[in-house]
Amino acid sequence: MTVTPVKRKGRHPFAKWAGDTGWRHLVAWAALLFGLIPIVYVVSAAFNPNGTLSSTSLLPTSFGLGNFAKLFTDENVPFASWFANSLMIAVPAAFISIFISSLAAYAFSRFRFKGRRPMLLFLLLIQMFPAFLAVVALYLIFGSIGEFYPVAGLNTKLGLMLVYMGGALGVSTWLMKGFFDTIPKELDEAATIDGASHAQIFFGMILPLAAPIIAISGILAFVGTMNDFILASLFLTDRPEMTLAVGLKTLTAENSPASYFGIFAAGTLLTSVLTVAVFMSLQRYIVSGLTGGAVKG
């Protein structure tokens, strides 16, 4: 007796796709829409001609550039000065901190010396504590420094820059050290045989290969400095010396937040454009595999 196998009816292709991957797409789109709502609202407020909180809606009903014009023409809104202060602090602080971090990471990665492991653990432990826990200590320290060196004390750009540099050294050193460990040491040995010094190896070979991690560390340091409010509000109290985040917050605090909401949104939009531009300009270094290409060569 021959038994004919019963063919099981398979699931519909759409039901199979929905059960396997469709729900993932649905969750991704829901998360994307949830994240875009505040961005769309800020853009709508920035281009709202009335510039008030009560007249702003999620979808703009009218369009105008008046809020952007007030950023540069209103005497009560020194936006250009705040923007320049932020760049004068963020760019040097990010550059110097990344440079010092790369030197420290190269030493931790390539050399073996006494106290190396405890120093690495100490840098790791420091990152476990949030920065605002040191606010009181930093205020007292730089208040004392200002008595002897006023140029680097409280309410100075240099003092705030030193704080940002110290805060970025730990995490940047750990990130770069891990990346330097992936670069084959045979490259260093071959360069040493050819007569290259440690400085020549570092600047001529290691840094070009480490461009991706340098770009990532630079983005983190720059964006973190540009968006910081707690330390900047503590160190910079004079209106002309304020950074962008502190200045825009002070603008809404001193005046009616509802009436200056459009100007506030326009300022934040211009700030985000700069951040996105920095990220896009460094994106090719982040996604490129320079290390693998060098090893193959």
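Hi everyone, let me start in the middle of the protein. The largest nonpolar core here has 33 residues, and the ones with the most contacts inside it are V77, W82, L160, Y164, L231 and F235. Who feeds that core? At least two residues each come from α1 (13-46), α2 (66-73), α3 (79-110), α5 (135-148), α6 (157-182), α10 (230-235), α11 (244-254) and α12 (261-287). There is also a second, separate core of 16 residues, which includes Y106, F179, A191 and A210.

Before going further, please keep in mind that this is a predicted model.

Let me pick one residue from the first core. Setting aside neighbours within four places in sequence, V77 is in contact with K70, L71, W82, L251, Y260 and I263. W82 is itself on the list of residues with the most contacts inside the largest core.

Now the overall fold. The chain comes to 13 helices and zero strands. Of its 297 residues, 34% count as buried. If you take contacts between residues at least 6 apart in sequence, 70% of them join residues at least 24 apart.

Next, what the record says. An unreviewed UniProt entry lists "transmembrane region" for residues 26-47, 82-108, 120-142, 162-180, 201-223 and 258-280. I looked at two of those stretches in the model. Residues 162-180 are 100% helix and 0% strand, with the end C-alpha atoms 26 Å apart. For residues 201-223, the chain is 96% helix and 0% strand, and the end C-alpha atoms are 30 Å apart.

On to the spot I enjoyed most, which involves two residues of α3. S109 lies in that helix, and R110 is found there too. Is S109 buried or exposed? With a relative accessibility of 1%, S109 counts as buried. R110 is buried as well, because its relative accessible area is 13% and the cut-off for buried is under 20%.

Both side chains have a polar partner. The side chain of S109 makes a polar contact of 2.6 Å with that of D181, while the side chains of R110 and D188 are joined by a polar contact of 2.8 Å. Leaving out residues up to four places away in sequence, R110 touches F180, D181, I183, P184, K185, D188 and I206. With its neighbours within four places left aside, S109 is in contact with K177, F180, D181 and K185. So that you can find the overlap on screen: F180, D181 and K185 appear in the contacts of S109 and in those of R110.

Now for the empty space. How much space lies in the largest pocket? About 760 Å³. Of the 29 residues that line this pocket, A131, V163, G166, G167 and A168 are the closest to its centre. Two or more lining residues come from each of α4 (116-126), α5, α6, α9 (211-227) and α10. The largest share, eleven residues, belongs to α6. Helix α6 also supplies at least two residues of the largest nonpolar core.

One last detail, for those of you who check backbone angles. N155 is found in the loop between α5 and α6. Its phi is near 60°, a positive value in a residue other than glycine. N155 is partly exposed, with a relative accessible area of 21%.

That's my tour, and I'm happy to take questions.

Technical notes. Residues are numbered from 1 along each chain as its sequence is written. This is a predicted model: local features need pLDDT of at least 70, side-chain atom pairs count only at pLDDT 80 or more; totals for chains, interfaces and linings use all residues. Side-chain values use heavy atoms; hydrogens and water are left out. UniProt positions are given in the numbering used here, feature names are shortened, and annotations may be inferred rather than shown by experiment. Helices (H or I, at least four residues) and strands (E, at least two) are DSSP runs, numbered from the N terminus. A nonpolar core is a set of buried Ala, Val, Leu, Ile, Met, Phe, Trp, Tyr and Cys residues joined through side-chain atoms within 4.5 Å. Buried means under 20% relative accessible area, exposed over 50%, partly exposed in between (1.4 Å probe, protein chains only). Contact means heavy atoms within 4.5 Å. A polar contact is a pair of N or O atoms within 3.5 Å; within protein, one must be able to donate a hydrogen and the other to accept it, and residues adjacent in sequence count only if both atoms are side-chain atoms. On a 1 Å grid over the protein atoms alone, a cavity is a set of points where a 1.4 Å probe fits but cannot get out, and a pocket is an open set with protein on both sides within 12 Å along at least five of seven lines; lining residues have an atom within 4 Å of a point. Grid points are joined across faces, edges and corners, and a volume is the space filled by probe spheres set on the points.
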